[in-house]
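Open the model in your viewer and keep the sequence panel beside it. The stops below say what to select and what is there.

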Amino acid sequence: MKKHFRFLQIIVSAAAIFGLLFGAAGSFSAQAAAGGGGGIRTAVSPATGMLTFIGASASQPLGVMGAVGSLIDEPARAASILSVYAPQFGVANAREDLLLVNEKQLADGRRVMRYQQTYFGVPVIAGNLVLQMNNGGLISLSGKASPNLAIVTTPSISAGQARETAMALTAKLRNVNVSQLTATEPTLWIYDARLLEGRMDSPAHLVWRVEVSASGQAVREFVLVDARRGSVSLNFNQVDTMWSARPNAASNLNGAAGAALATSLPAPQALLGVPVLKTYTSNGTNGQRVSLVCSNNARACGSGNADANDAHAFAFDTYSVYAAAPFNRDGIDNAGMDLVSNVNWNESGRCPNAFWDGDEMTYCNGLAADDVVGHELTHGVTQYESGLFYFWESGAINESLSDVWGEYVDQINGDGTDGATYDWKIGEDATGIGVIRDMKAPPAHGQPDSMKSLYYCKSGSCYLNDNGGVHYNSGVNNKAAYLMVAGGKFNGKTVSPLGWDKTITIYYEAQSNILTSGSGYYDLYYALYQACINQVGVNGITLLDCQEVRDATDATKMNLEPTTNYNPNTTACPVNTAVDTAVYNEDFETGTDGWTISDTDWMLWSNTAYYPDYGPLAYDGVDALYADDTELLNEATATSPSIALPAGENSYLLFAQIVWLESSFDGGVLEYSVNNGPFNDAAALYSGGQNYKGTISNSYGNPIGGRNSFTGESHGYVTSRYNLSSLAGQNVNFRWRMGTDSENYIGGWWLDMVQVNTCLGVPGIPSLTSPASNSLTKDLTPTFDWSDSSPDLDHYQLQVDDNNDFSSPLIDTNSMGAVSNFTPLTNLPAATTLYWRVSAFNSSGSTQGWSAVRSLRVAFAPPTLLSPADLSVGIALKPVFDWDDMPGASSYTIQVSTYPNFRMLAINKKVTVSTYTHFLNLRRNTTYYWRVLVNGTFGPSDWSPVFQFQTTP
């Protein structure tokens, strides 16, 4: 946080100077975009610590030296702006390391320029910046860059080797014969996982980028092969599908088929260019374009194929809304690209579905509904604009943008099943699948409606089988879009409805002119607000509308990290227990220290050939034990020395690991041996943290095939704990065993911080019993009592203070040991409110915390009587009774009687001062007894000692 704050200070200072010099938008402040459009908004990447966004107002852009002036051309303006701000994004030398890849002039005068980050000429995956300016004034700069690059750009792996690896991986993962695959020529790139995945455990490194396709199948695999190691750094299928099959995903809510086609969309003459709509059928095969059904520039196809008619009409509808003002878009690529659809496609295991493959839209039977067609065509628009990768959060945003446009087409084209029951449901007219998502209520179909939702996918099958959760996590923006259009209350925010015209205008601006290929939800949060600011005055958008955008993105918590981590972590001991004794500890900082290593696949990380490229990857310190995930059929083990577990104690094993293994094909298991006996799987001893993640396939000969294991990716260090209590008193060896198959590999298995500890239970928090809360005690040495605590109680601690912050306790003792009561040996201060609490500890000093605090009022001390003095004689018949004044007293009660037990009273009077004279004479020559008590907040007190006197004869 300190680094980020200092970083923003630098920007603030620089921009303020520019603002003063050139009369731009005034001083540069890192304000939240809450009210008007003035001021500068910034965002810092949690992963890189660098800026990812600067935004100003289009009407008040930020002036930069060298960019303002009528004689300066646009490239010079851009260069001046980037020379100032690109270093704050992580690009130290913008002139050398930013390559302009696209620029466009917008109708309102803004210029949008997209840049690719390079390093010694090698481009960086997801390293993109988008600059918006107007006459040299900075409107926004958005995107990500890999900072402080210092890597080798000469590959050790050839392009041919990378191509073979990518093809073999694709054949294996997608169950396709390698002979059916084609691959692009590998090109060198740099991959920094922080930019696309937010991962901190994989330093930037050189990769070969390869795309592998399967003829006639929904496969377009994006593969990054480490150019120094030959392992696979990242892979995912770029075919943008409509949905990912999952539990609770589809319902039986289908709309009526065959509804009349609407004609309310823009007329053909309003469209730009002359795109040709071509619709094919696969005739129930998985081949592409078996036969052409229709080709024209009209909405009607007029064939006997209902799917072809729908796909054709709804492609026309979607093109129409993009072509209408204010978008004025000429088709998918904005250059009149033909709109190609293919229906009746059928591939075993992949239908029902629909997808965009980079060139055309394809539909299984019954999938060519209006929202589905709008969805798929929008994937194409996204490809040609922001280029959002179809992976992780960028892929979720990619999916959601398609849902937003698909639902927009659905709700305005007058076709199919519409109305309150069906609005916001995706797929209600897709007879081949039914409703698969609900933008109004994403959790109804297992999707998150905010970044803090329990449905948010960061690991597990939803991550592994859905490109990092693209069809799950799209629910976050779907909910935000619904709130913008329809309004509503959500997560403490009230959003006033903007309607479709304003909302879709804002989304198009973000989609086309602000987002970049690796944008995540954190970036979308700022992009949508900036898009609204940019579009003030368009379709009736006002600055007040931008507050509704901000409220919708705040309601869905777009700018926050998900609550759950990629994978669970744990502590050395279970909940309500704590470490008692450290039995064993190995951090590998001084070598392997008696471990048995089966072969060279296990080694100290610092001894690997990869260490210079990747640097330290230890959980703590600088070194760890590492097993290389090779592409050879192999089994590798690392076995600990024998560890003697204490008898009668509860012991636990804890270790940290990075799992980066080919999911479901390579994996690792933990095994244990008792007293040099056979090794057994430790799965039954699992206690917390990262558990096994999947079953290893038997198909490729892995030595541990068929077993549950640690597999896939943990995205950094995670910890695992095992309960060894059943092995107490025995000698145990632990073995980490990795099995790999004969094809492909990814990263490896890192092991660190291996510990065995005995754990004691931590006693529960006591419940206070007496004195009762806010009770008044006249006993200046009251007994404090509380409930017994367990387990493993050693002692209690009691604190008593006259202030509830317990900064200077009057009593702070643990002298009672395990006895649950305490009586002070000295008096507590009278007329005082005291506070008390108790905590229970085990023998290691661990506690679950303090009890609830109770208050206690200690009563006034009894007053001291002054006169008549005790045993005095000859007292006047109207004596003056006098006693000590008691601070805080509201009144006193005096009693006088001829009986020492006061069974009959001569005087019983409440007075407000510490003296009293009775208005009637007492009897002569009579013995009297008198006493006084104190009334008030801390009263009544006990009675004073009784004094005796005798009146005059």
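A salt bridge here is a side-chain nitrogen of Lys or Arg within 4 Å of a carboxyl oxygen of Asp or Glu. This is a predicted model, in which local features need pLDDT of at least 70 and side-chain atom pairs count only at pLDDT 80 or more, while totals for chains, interfaces and linings use all residues. Residues are numbered from 1 along each chain as its sequence is written, and side-chain values use heavy atoms, with hydrogens and water left out.

**Salt bridges**

Select E103 and R111, whose side chains meet in a salt bridge at 2.9 Å, N to O. For accessibility, buried means under 20% relative accessible area, exposed means over 50%, and partly exposed lies in between (1.4 Å probe, protein chains only). E103 is partly exposed at 39%, whereas R111 is buried at 17%.

Next, select K172 and D741, which form a salt bridge at 2.5 Å, N to O. This pair links distant parts of the chain, 569 residues apart: K172 is in helix 4 (residues 159-174) and D741 is in the loop between strand 36 (731-740) and strand 37 (748-761). Helices (H or I, at least four residues) and strands (E, at least two) are DSSP runs, numbered from the N terminus. K172 is buried at 6% relative accessibility, and D741 is buried at 1%.

Then pick E211 and R209, where the N to O distance of the salt bridge is 3.8 Å; both residues are buried. For a network of salt bridges, select E635, E671, D681, R707, R735 and R737. The whole structure contains 28 salt bridges.

**Strand 28**

Select residues 651-661. Is this strand buried or exposed? Of the 11 residues of strand 28, 11 are buried, so the strand is largely enclosed by the rest of the structure. In a regular strand the side chains alternate between the two faces of the sheet. Here S651, L653, F655, Q657, V659 and L661 point one way, and Y652, L654, A656, I658 and W660 point the other.

Now show its partners; two strands pair if DSSP finds at least two bridges between them. Strand 28 pairs with strand 37 in the antiparallel sense over nine bridges, and the bridge partner of Y652 there is N757. Strand 35 (residues 718-723) pairs with strand 28, also antiparallel, over six bridges; in strand 35, N723 stands opposite Y652. Strand 34 (residues 712-713) adds an antiparallel pairing with strand 28 over two bridges, and W660 has E713 as its bridge partner in strand 34.

**Helices 11 and 12**

Move to helix 11 (residues 475-486) and helix 12 (residues 499-513), which pack at about 140 degrees with their axes 8 Å apart. Contact means heavy atoms within 4.5 Å. On the helix 11 side, N477, A480, A481, M484 and V485 meet G499, W500, T503 and Y507 of helix 12.

**The five-stranded sheet**

Finally, display the open sheet of five strands, ordered 47-53-52-49-50 with mixed pairing. Its edge strands are strand 47 (872-875) and strand 50 (907-911), each paired on one side only. Within the sheet, strand 52 (residues 927-935) and strand 53 (residues 947-951) pair in the antiparallel sense over four bridges, and W930 has F947 as its bridge partner in strand 53.

The last selection is S941, in the loop between strand 52 and strand 53. S941 is buried at 1% relative accessibility. Leaving aside neighbours within four places in sequence, S941 is in contact with K778, F860, A861, P862, P863, L933 and V934.

Technical notes. Axes fitted to C-alpha atoms, helices over the stretch in contact; angles between N-to-C directions.
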